[in-house]
Structures are given as C-alpha cells and as structure tokens.
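Morning, everyone. Let's walk through the fold, piece by piece.

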Amino acid sequence: MSFTTDVCEELVTLNTSKNCCKKALLCGLFFNAETVGEKCVRATFKNAHSAEYTAFLLESRYSAPSEIEETARAGRVYYTVTSECPSIFKLLCAIDSTDTRAPWELLDFKCGSCRASFLRGAFISTATLSDPKKSYYLEFSLQNEARINRLAHMLETTVGAPKRVARGKNTGLYYKSNGDVAGIVNYIGGTKASFDVANTWVERDIRNNENRATNCVARNISRAVDASQKHINAIEALKASGRFEALSEELKMTAELRLEYDSASLSELALLHEPPISKSGLNRRLAKILEAAEEI
C-alpha cells in the first residue's frame with residue numbers, strides 16, 4: 001500500500017456533516033471527472049474505498065445512485081464511479097466555463113470549512129504524495145486546463161502557490177517543501193499523515209544538526225501551543241463570566257472558530273472565517289478578546 005493510499009484511507013473516515021461541505025467535497029472528488037451527456041459525471045479512482053466513499057456521498061447528499069466499475073490497466077486496478085447527478089454536472093460545467101469569478105464563488109462555498117472539504121476531495125481524486133521517509137513531494141495531476149487553473153488559484157490563496165510540471169497530457173501542480181506538504185495535508189484533515197511528514201522532517205533535521213533543529217522545532221511548537229491555549233482560556237473565561245455575548249459578532253465568530261479549531265495556525269484560522277480575513281486582522285481580533293478577558 002502506498003503512502004498516498006494510506007492518506008486517502010484516513011481522509012475517507014472523516015465525518016462531513018454540513019450539506020454545503022458535502023457538496024464541496026463531492027466537487028473535489030469529481031474535479032478530474034468527465035462530463036457525459038447532459039447530466040452524467042464519471043470519475044476514476046486508484047482504490048476501492050475512495051470510489052465507495054464517493055458513491056456513498058452522492059447518495060447521501062443528492063440521492064443520486066451510482067455504479068462502480070473495476071478495470072485493469074497497465075498492471076494497475078482502477079475504480080470508476082458513474083452517476084447521473086445534475087447538480088455536480090452543472091458545477092463542473094461552470095468550472096469549465098470562461099466565467100472569471102473565483103472557484104469558490106463558482107462552486108458556491110457557504111462556510112469556512114467548504115474550502116478544506118473541496119481540497120480534501122481533490123486530494124483523494126487527483127493527488128500523489130511520496131513517502132516522507134524518502135522525499136517531500138505532493139502533486140495534483142489533471143488534464144483539463146480550466147480546472148488546473150482553478151485549482152492552482154484555490155491552492156495559491158489557501159496554502160501557497162504550487163509549481164507546475166507537464167506530464168504528457170496532464171499538468172501537475174506540485175509542492176516540494178516539507179512545510180507546504182505537511183501544511184496542506186493537515187489543512188484537509190490528514191492529521192496522522194501530517195504528523196508523519198512533520199516527524200520525518202524533524203528526524204532528518206536532527207540527524208543533520210541535532211541541537212539546532214531540536215531547539216527550533218520545540219520553540220515553535222511551544223509558542224503555537226501557548227498562544228492557542230491563552231486564547232482558549234480567555235474565551236472560556238468570558239463565557240463563564242457571562243460577558244461573551246457582549247462581544248461584537250465578528251469577535252464571537254473568531255472566538256468560536258478558535259475553540260473549534262484549537263490546533264489551527266493563525267494563517268489557517270484566518271482562512272476559516274467567512275469571508276476569510278487577513279492574518280493581521282485575526283491578530284487584532286484575538287488581541288481584543290484577550291483585552292476583554294483581562295477586564296474580568
């Protein structure tokens with residue numbers, strides 16, 4: 001079993017409860033799919049669980065039945081999901097159009113978690129991730145030029161600009177930085193896999209320069225944990241004192257997101273807002289929350 005398959009196995013176990021996030025997830029799962037006729041979509045996956053997961057979501061979100069066909073090509077087994085789902089068909093047609101709106105507008109994302117759900121689906125359907133013990137390399141591979149550009153825009157505004165490579169009829173959007181790879185995998189919900197990447201990175205740096213690497217990583221982790229815990233303590237104190245409701249709506253939104261995503265970095269937390277805010281704007285909001293808690 002490849003490391004990519006291991007990550008996909010982890011991702012398909014995640015619970016997606018909101019209908020808007022299920023739609024975004026399905027858009028990602030079908031992002032490299034064919035559109036057939038007037039309402040049919042057809043996507044191919046490299047493992048059975050991903051195909052079965054996609055079929056389950058189609059039935060759950062749109063009551064759309066689907067068929068899974070197993071085929072063998074060049075010594076590998078592929079699983080193709082075919083379904084008549086007008087909703088997904090229309091969204092893919094919008095993505096393939098010349099409409100210049102941002103992809104999250106075309107796909108009608110409703111909440112701050114939709115973007116992560118979409119990228120989770122795109123990873124399952126199009127990505128390859130190398131074993132971090134050998135190298136740091138994550139690539140999304142697609143044929144459709146319009147979708148390549150849409151996905152590149154989404155990735156650039158979420159986690160950082162990818163580089164491009166031509167691979168026959170396909171184009172790959174890739175990252176080679178250990179930080180980028182771990183950040184993306186963590187953002188889409190692959191917590192265990194992101195730890196595997198991060199741990200391998202730490203171990204490799206320790207071998208190269210043990211003391212410097214150990215101290216640097218420990219300080220960064222400690223600062224992030226301390227800052228997050230400080231925010232959480234302040235929010236819980238405000239709630240316990242009954243002063244939480246006196247906060248402005250934007251501060252309450254930030255506070256609830258901080259509690260829900262307690263391990264998210266400031267950059268990730270800023271993107272989870274609807275609409276997303278800047279990191280400096282997030283810092284200002286958190287500072288106001290801390291000030292309010294200090295007055296208790």
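One cut-off before we start: helix axes at angles under 35 degrees count as roughly parallel. Keep in mind that this is a predicted model.

First, the helix pairs. Take α2, residues 19-29, and α6, residues 114-126. Their axes come within 6 Å and cross at roughly 30 degrees. Therefore α2 and α6 are roughly parallel to each other. The crossing of α2 past α6 is right-handed. Who makes the contact? On the α2 side, C20, C21, A24, L25, C27, G28 and L29. On the α6 side, C114, S117, F118, R120, G121, A122, I124 and S125. By type, the contact residues split into 10 nonpolar, 4 polar and 1 charged.

Now α6 has another partner to look at. Helix α1, residues 3-11, packs with α6 at an angle of about 140 degrees. Here the axes are 10 Å apart. That angle makes α1 oblique to α6. The crossing of α1 past α6 is left-handed. From α1 we have T4, V7, C8 and L11. They meet R120, F123 and I124 of α6. That contact divides into 5 nonpolar residues, 1 polar and 1 charged. Note that R120 of α6 appears in the contact with α2 and also in the contact with α1. I124 does so too: it is listed with α2 and with α1.

Next, the sheet. In which order do the strands run? It is β1-β2-β4-β3, 4 strands in an open sheet. The pairing is antiparallel. The edges are β1, 34-36, and β3, 66-73. Each has a single partner strand, so one side of each is left without a neighbour in the sheet. From one strand to the next, the twist averages 25 degrees.

Look inside that sheet at β2, residues 40-45, and β4, residues 76-84. They pair in the antiparallel sense over 6 bridges. For a landmark, find R42: its bridge partner in β4 is T82. Then there is a helix on the sheet: α4, residues 86-96, touches β1, β2 and β4. The direction of α4 makes about 80 degrees with that of β2.

On to β6, residues 138-142. Is β6 buried or exposed? 5 of its 5 residues are buried, so the strand is largely enclosed by the rest of the structure. L138, F140 and L142 point one way. E139 and S141 point the other way, and they are buried as well. So which strands pair with β6? One of them is β5, residues 127-129, antiparallel over 3 bridges. There, L129 has L138 of β6 as its bridge partner. Another is β8, residues 170-175, antiparallel over 5 bridges. In that pairing, S141 stands opposite G172 of β8.

Now some backbone geometry. As background, most residues other than glycine have a negative phi, and most peptide bonds are trans. Against that, three places to check.

Start with S63. Its phi is near 55 degrees, a positive value in a residue that is not glycine. S63 sits in the loop between α3, 48-62, and β3. With 54% relative accessibility, S63 counts as exposed.

Then D108. Its phi is positive as well, about 60 degrees, and D108 is not a glycine. You will find D108 in the loop between α5, 103-106, and α6. D108 is partly exposed, at a relative accessible area of 34%.

Then the peptide bond from E274 to P275. It is cis, with omega near 0 degrees. P275 belongs to the loop between α11, 266-272, and α12.

That brings us to α12, residues 279-294, and to R285, which is part of this helix. Is R285 buried or exposed? R285 has a relative accessible area of 14%, so it is buried. What does R285 touch, beyond its neighbours within four places in sequence? The contacts are E250, L251, M253, T254, H273 and I277.

To recap, α6 packs against α2 roughly parallel and against α1 obliquely. The open sheet has α4 packed on it, and β6 is largely enclosed. Thanks, and over to you for discussion.

Conventions. Residues are numbered from 1 along each chain as its sequence is written. This is a predicted model: local features need pLDDT of at least 70, side-chain atom pairs count only at pLDDT 80 or more; totals for chains, interfaces and linings use all residues. Side-chain values use heavy atoms; hydrogens and water are left out. Axes are lines fitted to C-alpha atoms, for helices over the stretch in contact, and angles run from 0 to 180 degrees between N-to-C directions. Helices (H or I, at least four residues) and strands (E, at least two) are DSSP runs, numbered from the N terminus. Angles under 35 degrees count as roughly parallel, over 145 as roughly antiparallel, 65 to 115 as roughly perpendicular and the rest as oblique. A crossing is left-handed if the near helix is turned anticlockwise from the far one by less than a right angle, and right-handed if clockwise. Contact means heavy atoms within 4.5 Å. Ala, Val, Leu, Ile, Met, Phe, Trp, Tyr, Cys and Pro count as nonpolar, Asp, Glu, Lys and Arg as charged, and the others, Gly among them, as polar. Two strands pair if DSSP finds at least two bridges between them. Buried means under 20% relative accessible area, exposed over 50%, partly exposed in between (1.4 Å probe, protein chains only).
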